Amino acid sequence: MIFSTFLNYICICVNNENMKKGIKVIILLSVGLVIGFINGFMGAGGGILLVPALQYIIKEDTKKAHATAVAIILPLCIVSAIVYAVKGFIDTTVLWPVLIGTIFGGVTGTILLKKLKSNWISLIFSVIMIVAGALLIFRK
């Protein structure tokens, strides 16, 4: 039903401006599907892909891309966490201390996102992604 409603919406988009909006919706739904799968499959990582997707595919401003990614990933992570908890995959001895730290880190990051220029945000994000990738590749 949802899929047929979506197709109906796309078919109604007859002029160029609406067609562009329709194509953007298809792209966003596709990006969301991929990000959701990766986040659900790996337990994390959706934001790592979502930010560049929003910046380069959708041409979203850097600060808005980061903020939007957080707003999208939060409910996705809550759903994934519930599924993992039901299956018994969560170590609560690790959960609570890390959760408390990430709350404070998240608030600090949000404040910095607002104050830093977009080019600095992109640089910091890129360095973190390179270091994280290198650690995954070269860990023993």
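**Helices, burial and packing in a predicted model**

Student: What does Leu116 count as?
Tutor: The relative accessibility of Leu116 is 27%. This is a predicted model. Buried needs under 20%, and exposed needs over 50%. The value for Leu116 falls between these cut-offs, so Leu116 counts as partly exposed.

Student: Where does Leu116 lie?
Tutor: Look at the stretch that links two helices. H5 covers residues 92-115, and H6 covers residues 118-138. Leu116 therefore lies in the loop between H5 and H6.

Student: How far apart in space are Leu116 and Lys63, C-alpha to C-alpha?
Tutor: Along the sequence, 53 residues separate Leu116 and Lys63. Lys63 falls within the residue range of H4, 62-86. In space, the C-alpha to C-alpha distance of Leu116 and Lys63 is 9.1 Å.

Student: Which pattern does the chain follow along the sequence?
Tutor: Start with the counts: the chain has 6 helices and 0 strands. Every element in the pattern is therefore a helix. Read along the sequence, that gives α-α-α-α-α-α.

Student: What share of the residues of the chain count as buried?
Tutor: A residue is buried when its relative accessible area is under 20%. The chain has 140 residues. The share that counts as buried is 17%.

Student: Is Ala53 buried or exposed?
Tutor: Ala53 sits in helix H3. Its relative accessible area is 10%. The cut-off for burial is under 20%. Ala53 is therefore buried.

Student: What distance separates the C-alpha atoms of Ala53 and Ala69?
Tutor: Ala53 belongs to H3, and Ala69 falls within the range of H4, residues 62-86. The two residues are 16 apart along the chain. Their C-alpha atoms are separated by 9.8 Å.

Student: How are H3 and H4 placed relative to each other?
Tutor: The axes of H3 and H4 come within 9 Å and cross at roughly 140°. The crossing is right-handed. An angle over 145 degrees would count as roughly antiparallel, and 65 to 115 as roughly perpendicular. Roughly 140° fits neither class, so H3 and H4 are oblique.

Student: What is the hand of the crossing of H3 and H6?
Tutor: H3 and H6 pack at about 140°, with axes 12 Å apart. The two helices are therefore oblique to each other. Where H3 passes H6, the crossing is left-handed.

Student: How far apart in space are Leu49 and Ile35?
Tutor: Leu49 is a residue of H3. At a relative accessible area of 39%, Leu49 is partly exposed. Leu49 and Ile35 are 14 residues apart in sequence. In space, C-alpha to C-alpha, they are apart by 7.0 Å.

Student: What distance separates the C-alpha atoms of Ile48 and Ile35?
Tutor: Ile48 is also in H3. It is partly exposed, with a relative accessible area of 40%. Ile48 and Ile35 are 13 residues apart along the chain. Their C-alpha atoms are separated by 9.2 Å.

Student: Which residue has a positive phi although it is not a glycine?
Tutor: Most residues other than glycine have a negative phi. The exception here sits in the loop between H3 and H4. Its relative accessible area is 66%, so it is exposed. Its phi is about 65°, and the residue is Lys59.

Student: How much accessible area does the nonpolar patch with Ile111 have together?
Tutor: Ile111 lies in H5. Patch members need over 30% relative accessible area, and Ile111 is partly exposed at 46%. The other members are Ile90, Leu95, Trp96, Leu99, Ile103 and Val107. Together, the accessible area is about 610 Å².

Conventions:
Residues are numbered from 1 along each chain as its sequence is written. This is a predicted model: local features need pLDDT of at least 70, side-chain atom pairs count only at pLDDT 80 or more; totals for chains, interfaces and linings use all residues. Side-chain values use heavy atoms; hydrogens and water are left out. Patches are made of residues with over 30% relative accessible area and no salt bridge: like charges are joined within 9 Å, nonpolar side chains (Val, Leu, Ile, Met, Phe, Trp, Tyr) within 5 Å. Accessible areas come from the Shrake-Rupley method with a 1.4 Å probe; for residues, only the protein chains shown count as cover. A salt bridge is a side-chain nitrogen of Lys or Arg within 4 Å of a carboxyl oxygen of Asp or Glu. Helices (H or I, at least four residues) and strands (E, at least two) are DSSP runs, numbered from the N terminus. Buried means under 20% relative accessible area, exposed over 50%, partly exposed in between (1.4 Å probe, protein chains only). Axes are lines fitted to C-alpha atoms, for helices over the stretch in contact, and angles run from 0 to 180 degrees between N-to-C directions. Angles under 35 degrees count as roughly parallel, over 145 as roughly antiparallel, 65 to 115 as roughly perpendicular and the rest as oblique. A crossing is left-handed if the near helix is turned anticlockwise from the far one by less than a right angle, and right-handed if clockwise.
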